[in-house]
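Q: I am new to this structure and would like a close look at one part of it. Please describe that part in a connected way and explain each term as it arises.

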Amino acid sequence: MKAKSSKQHNSDEPIMEKSTQWDALVSVPCVRRYIKSLSIWSFLNNYEINLSKKKYLVLGLEGVILCSSINPPKHRVDHIVQYKINNSMCSHFVVFRPMLENFLQMVSEWYTIILYTTKEKEFADGVADYLERRGPIFEKRLYRNDCDYAEGQLLLDLDKVSTDLSCVVVLDYRFGPHTNTLPIERFIGGMKDRNLLSSALILDSLRFCSDVRSILELAHL
């Protein structure tokens with residue numbers, strides 16, 4: 001069975017991790033000029049149109065904005081999620097990616113943020129409720145049961161985010177068959193990680209594009 005092009009691979013193991021290739025690609029002068037020219041062109045020609053409605057930013061959990069374990073980490077724990085599975089209490093120790101709350105506050109002014117994860121609803125809600133303790137962040141929450149299963153993999157169905165994929169950005173370290181992914185290095189707990197800041201700079205430009213895929217497709221070359 002072949003997955004539709006509007007679906008994002010999001011199994012527990014990545015198909016490929018291209019953040020290194022992406023970083024190398026965007027460092028090439030001609031590519032940087034191309035990205036800059038597209039962003040400026042979109043800004044000058046479509047400013048009011050492109051900002052009249054927010055685009056969608058899809059965020060996952062594990063490896064994207066946090067890492068978690070059933071065993072307590074040695075150095076730091078930001079949050080503990082507890083929920084029942086088959087009448088047994090399950091605890092997950094969560095470490096959030098550095099600068100996460102600043103990142104969410106910033107990009108929520110530019111994008112409609114959708115939480116879409118292959119994790120269980122109980123775990124995802126435990127994380128989302130904590131992040132929203134000072135106010136709403138996520139327009140919608142989508143979980144494991146909102147994913148499709150094909151060829152042994154869980155796939156995000158981006159049609160559940162928007163039928164217009166030109167306005168959907170998926171921040172992830174994994175690549176699917178579509179070109180909506182903004183690659184980010186997988187988070188494994190490093191406290192010197194600054195990838196959310198780098199991603200915010202790109203997201204700031206993408207919001208002016210009439211079709212975000214015109215930029216993001218470069219990461220799939």
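A: The answer below deals with one sheet and its surroundings.

The model is predicted, so local features are reported only at pLDDT of at least 70 and side-chain atom pairs only at pLDDT 80 or more, whereas totals for chains, interfaces and linings use all residues. Residues are numbered from 1 along each chain as its sequence is written, and side-chain values use heavy atoms, with hydrogens and water left out.

The sheet is open and is formed by five strands with parallel pairing, in the order β7-β6-β2-β10-β11. Helices (H or I, at least four residues) and strands (E, at least two) are DSSP runs numbered from the N terminus, and two strands pair if DSSP finds at least two bridges between them. At the edges lie β7 (138-142) and β11 (181-183), each of which pairs on one side only. From one strand to the next, the twist averages 25°; axes are lines fitted to C-alpha atoms, for helices over the stretch in contact, and angles run from 0 to 180 degrees between N-to-C directions.

Towards the β11 edge, β10 (residues 168-172) pairs with β11 in the parallel sense over three bridges, and Leu171 stands opposite Leu182 of β11.

Two helices pack on this sheet. Helix α3 touches β2 (55-59), β6 (111-116) and β10, and its direction makes about 160° with that of β2. Helix α5 touches β2, β6, β10 and β11, and its direction makes about 170° with that of β10. Contact here means heavy atoms within 4.5 Å.

The helices also meet each other. The axes of α3 (residues 100-107) and α5 (residues 195-206) come within 10 Å and cross at roughly 10°, which makes α3 roughly parallel to α5 (angles under 35 degrees count as such). From α3, Leu100, Phe103, Met106 and Val107 meet Leu196, Ala200 and Leu203 of α5. By class, this contact has seven nonpolar, no polar and no charged residues; Ala, Val, Leu, Ile, Met, Phe, Trp, Tyr, Cys and Pro count as nonpolar, Asp, Glu, Lys and Arg as charged, and the others, Gly among them, as polar.

At the other edge, Leu142 belongs to strand β7. Leu142 counts as buried because its relative accessible area is 7%, buried meaning under 20% (1.4 Å probe, protein chains only). Leaving aside residues up to four places away in sequence, Leu142 touches Ile114, Leu115, Tyr116, Thr117, Lys160 and Val161. Leu142 and Val161 are 19 residues apart in sequence, with 8.9 Å between their C-alpha atoms.

Conventions. Parallel < 35°, antiparallel > 145°, perpendicular 65-115°, else oblique. Buried < 20%, exposed > 50% of the residue type's maximum accessible area, 1.4 Å probe, protein only.
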